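Welcome, and please load the model in your viewer. We will take it step by step, with a selection to make at each stop.

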Amino acid sequence: MKNRMYYFLLPVYLFVVGFVLIVNGVFTGQVTSLSNLMINMIFLLLIGILFLISFFSFNRLNRMTDKLLSETDKIYKAYDDGNHNLWEIYRSKKKIFEDDVLDDAFNRYQKKMNSFQTKHGLMGRCDIEDYFTDDMINQTGMNYYNSAISGTMTGLGILGTFIGLSIGLGSFNGNDIYTISDNVGPLLDGMKVAFHTSVYGILFSLVFQFAYRSLMADAYDKLHEFLDSFRECVEPAINNTDDNTKAMLVYQANMANSMKQMLELLRGEAREQAESLDRMAQNFAAKLEDSLGADFDRLGLTLQKACSAQETYADNYCTMAETTKELLQANRVLQRALEETMDRQETMAQQLKEQTERIDATCSTINEEISNQLYTYAETHDM
């Protein structure tokens with residue numbers, strides 16, 4: 001919704017112009033002082049030109065902030081419909097606002113955010129408020145120009161006062177009571193110029209200051225509404241170190257399970273090999289003894305020693321399996337410790353977020369108090 005408070009300047013300006021023309025007798029055809037009329041018209045023309053420039057800047061600011069407000073409504077509507085983050089939609093979207101200033105700022109934000117994109121996700125981000133700033137509002141609304149208009153109006157009123165007094169005193173050249181009475185008329189004409197310029201200079205200053213402050217406050221509110229909606233519904237989350245730690249722990253657990261299965265398989269195969277070797281040795285000795293009739297006791301003892309060594313090998317594998325179990329248990333303890341660490345980090349992050357919000361609220365309060373004090377100072381200075 002556009003802020004049209006500055007439209008009130010037009011009827012005020014037309015009223016002052018009509019008042020000056022009536023006072024100087026233009027509509028009745030009885031112009032008492034042509035110089036008085038000319039000075040007032042010149043001053044009103046200058047004021048009209050200043051107002052016209054301000055009108056263009058106000059209209060441009062209104063159009064831009066309306067684009068921001070419209071996009072804010074679209075963001076909230078899309079988020080309510082899908083109930084998910086909208087960054088994938090806005091990541092490569094062009095001409096979002098259909099406004100050169102806003103689109104240029106958002107394109108620069110997109111390029112910076114895309115530079116943080118990796119195959120593992122978004123590893124960082126920048127703040128949207130770094131690109132959509134109060135300075136952008138000030139430049140579009142020509143704050144450097146419009147903030148000086150109020151003082152300029154007052155200055156023109158004071159200048160007209162001195163010009164009117166100079167004209168009146170310049171025509172006052174009486175030396176006695178008789179000539180003085182003849183020069184009272186020109187003196188009063190000069191005082192009319194001084195009085196009229198002072199009145200409408202101060203009137204324009206007050207009205208313009210009120211309209212200008214109302215317009216800028218409305219523009220700042222629309223900008224902050226857009227920033228809040230963007231941070232809430234569009235700004236993406238980054239892939240932090242906690243996610244990487246969780247992935248590493250899952251990988252370690254899978255590797256440990258694989259090692260356990262492999263050791264159990266090896267232990268079973270070692271025992272089967274020892275038993276098979278023992279049977280083969282006994283069968284071989286029996287066949288040799290039957291066929292050759294020789295005494296193979298020594299050979300049997302040697303083979304039994306080989307079987308014992310094979311059993312020792314199997315026991316060593318069992319010991320390795322137990323050691324691996326202990327390693328898995330230690331790994332689980334480490335995993336739980338890391339999970340507790342991540343929980344504490346999340347708690348600390350929440351506390352930091354709450355502290356940041358309290359600091360932001362405090363800064364906003366201080367900013368409002370400083371703004372009020374600066375406004376009071378400016379009003380006092382103008383008075």
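Before selecting anything, keep in mind that this is a predicted model. Start with the whole protein chain, coloured by secondary structure: it holds 11 helices and 2 strands. Followed from the N terminus, the elements run α-α-α-α-β-β-α-α-α-α-α-α-α. Of the 383 residues in the chain, 32% count as buried.

**First stop: helix α1**

Select residues 9-23, which make up helix α1. This helix has 15 residues and reaches 21 Å from its first C-alpha to its last, close to the 21 Å expected at 1.5 Å a residue. Now show the side chains and pick out the buried residues of α1: Leu9, Val12, Tyr13, Val16, Val17, Gly18, Val20 and Leu21.

Next, turn to the surface and select Phe15, Phe19 and Val23, which make a nonpolar surface patch of about 300 Å². Is Phe15 buried or exposed? Its relative accessibility is 57%, so Phe15 counts as exposed, the cut-off for that being over 50%.

Before leaving, click on Gly25, which follows α1 and has a positive phi, near 75 degrees.

**Second stop: helix α11**

Jump along the chain and select residues 297-382, helix α11, where you will find Glu340. Which residues gather with Glu340 in a surface patch of negative charge? Add Glu339, Asp343 and Glu346 to your selection to see the patch complete. Glu340 itself counts as partly exposed, because its relative accessibility is 46%, and that class lies between the 20% and 50% cut-offs.

How values were computed
Residues numbered from 1 in each chain as written. Predicted model: local features only at pLDDT ≥ 70, side-chain atom pairs only at ≥ 80, totals over all residues. Heavy atoms only, no water. Patch = residues over 30% accessible without salt bridge, like charges linked within 9 Å, V, L, I, M, F, W, Y side chains within 5 Å. Areas by Shrake-Rupley, 256 points an atom, 1.4 Å probe, with all protein chains shown as cover. Salt bridge = Lys/Arg side-chain N within 4 Å of Asp/Glu carboxyl O. Helix = DSSP H or I, 4+ residues; strand = E, 2+ residues; numbered from the N terminus. Buried < 20%, exposed > 50% of the residue type's maximum accessible area, 1.4 Å probe, protein only. Lys, Arg positive; Asp, Glu negative; His and termini not counted. Charge placed at Lys NZ, Arg CZ, Asp CG, Glu CD. Expected span 1.5 Å × (residues − 1).
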